[in-house]
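Biologist: Could you take one part of this model and go through it closely with me? I'd love a connected account rather than a list.

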Amino acid sequence: MLQNRPKAAANRMLQVLLILVLIGLVVSGCARGYASVATYEGGKVSLNQLNAYLGADKFFNYNEQYDQAAADPGFKEAMLKRYIAFSKLSSTADDKTKQESSKKAKDQLAEIKKSIEKQAAPNNDMNAILKSLTISADDLEKYIALQLNASAVMSKKFPDDKVRAEYDKVLKENKHAYDRITLSHILVAFTDAEGKERKKEDALARAKEVQDKLDKGGDFAALAKEYSDDPGSKEAGGVYAEADPNQWVPEFKKAALELPIDKISDPVETTYGYHVMKVTSRKSLAFDEVKEEIRGGLINTFFGEFMTNDLPKIIKKISIPGVTPSPDPAAAPSVAPTVAPSATPAP
């Protein structure tokens, strides 16, 4: 028996060494996951947090171009900076705001689950979708709450009186800034449907032919489908509904603002060709109708300036495994905030 003790002791030592090696491997794996990929004023970001954020972002924003964008070497760094920006802004939210955001996030996630369950297989399996992205439902909830918190913080910087001041300022600069016009038009372009150049006089003659038929009671929608060279409105009967005239070329905008309601216009020349138009309604949106749109614009401007001016001072270090940092590690692209994720999962 005494002769077997050294052998037994050696076996025990070997077992201890194996356990230590296994523990080391586990600890090493955990360390890699929890290793800091960024430090910033007031916090750190682990690799696990970044990967969870990336997976959640893909869940909500996936489209045909997403994978191509994600393949860019700077994608992870840009997303990390956006995460830091949201985290920094979110950290300034008061307890009430955080509680409200948490509840809204839970409610949104519940609605998303219901929406997915209604889809056809295999896109109705929430767990399979999350597994393919290596994330959990909790990661999605945190993603939503983070953005709701940041959005709430930024929204409070623009109360109604500031938004009203912006509304008045814009109106002073452009009295038609909030006009919305519904009209029908038929475009006779200087290039026909086959791409062949159309002489100016021929285009004008064709436009006058359209005008004559309309003056005689012709159906605008039917004639638009027959004559119009505008693919954006042709199949809709030539209609632009509740449209912003400020997006139109000057000649078309002028006619839309001045033409008497329900009157068929003479051909209006633009760089595209000749338009025969009929305005059916014109209105200017009241403050209450556009205040959230204006607030959203102010928030986006604020966020862009925060990314450009404040974030470089906040970030201390970025070190993402396998990613070469940009020459200026604190520099951040201007990325507009996603205030409310859509319930569109990745395929």
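Modeller: Happily! The helices (H or I, at least four residues) and strands (E, at least two) I name are DSSP runs, numbered from the N terminus. This is a predicted model, in which local features need pLDDT of at least 70 and side-chain atom pairs count only at pLDDT 80 or more, while totals for chains, interfaces and linings use all residues. Residues are numbered from 1 along each chain as its sequence is written, and side-chain values use heavy atoms, without hydrogens or water.

Let's enter the sheet through the loop between α11 (250-258) and β5, where Asp262 is found. Asp262 is not a glycine, yet has a positive phi of about 65°. Most residues other than glycine have a negative phi. With 51% relative accessibility, Asp262 counts as exposed (over 50% relative accessible area with a 1.4 Å probe, protein chains only; buried is under 20%, partly exposed in between).

Beyond that loop comes the sheet itself, which is open and has 4 strands in the order β4-β3-β6-β5, with antiparallel pairing. Two strands pair if DSSP finds at least two bridges between them. β4 (239-243) and β5 (268-269) are the edge strands; each has a single partner, so one side of each lacks a neighbour in the sheet. Strand β5 is joined by 2 bridges to β6 (residues 273-284), and the two run antiparallel. Val268 has His275 of β6 as its bridge partner.

Helix α9 (residues 200-215) packs on this sheet, touching β3 (179-189), β5 and β6; contact means heavy atoms within 4.5 Å. The direction of α9 makes about 50° with that of β6, using axes fitted to C-alpha atoms, for helices over the stretch in contact, and angles from 0 to 180 degrees between N-to-C directions.

Helix α10 (residues 220-227) belongs in this picture too. Its buried residues are Phe220, Leu223, Ala224 and Tyr227. They cover an arc of only 105° around the axis, which places them on the same side of α10; the arc is that of the directions from the helix axis to the C-beta atoms. These buried residues pack against β3, α9 and β6, and α9 touches β3 and β6 as well.

Finally, a word on confidence: pLDDT, the predictor's confidence in each residue from 0 to 100, has a chain mean of 87, and 84% of residues reach 70 or more. Over residues 329-347 it is below 50, although this stretch has 53 contacts in the model beyond near neighbours in sequence.
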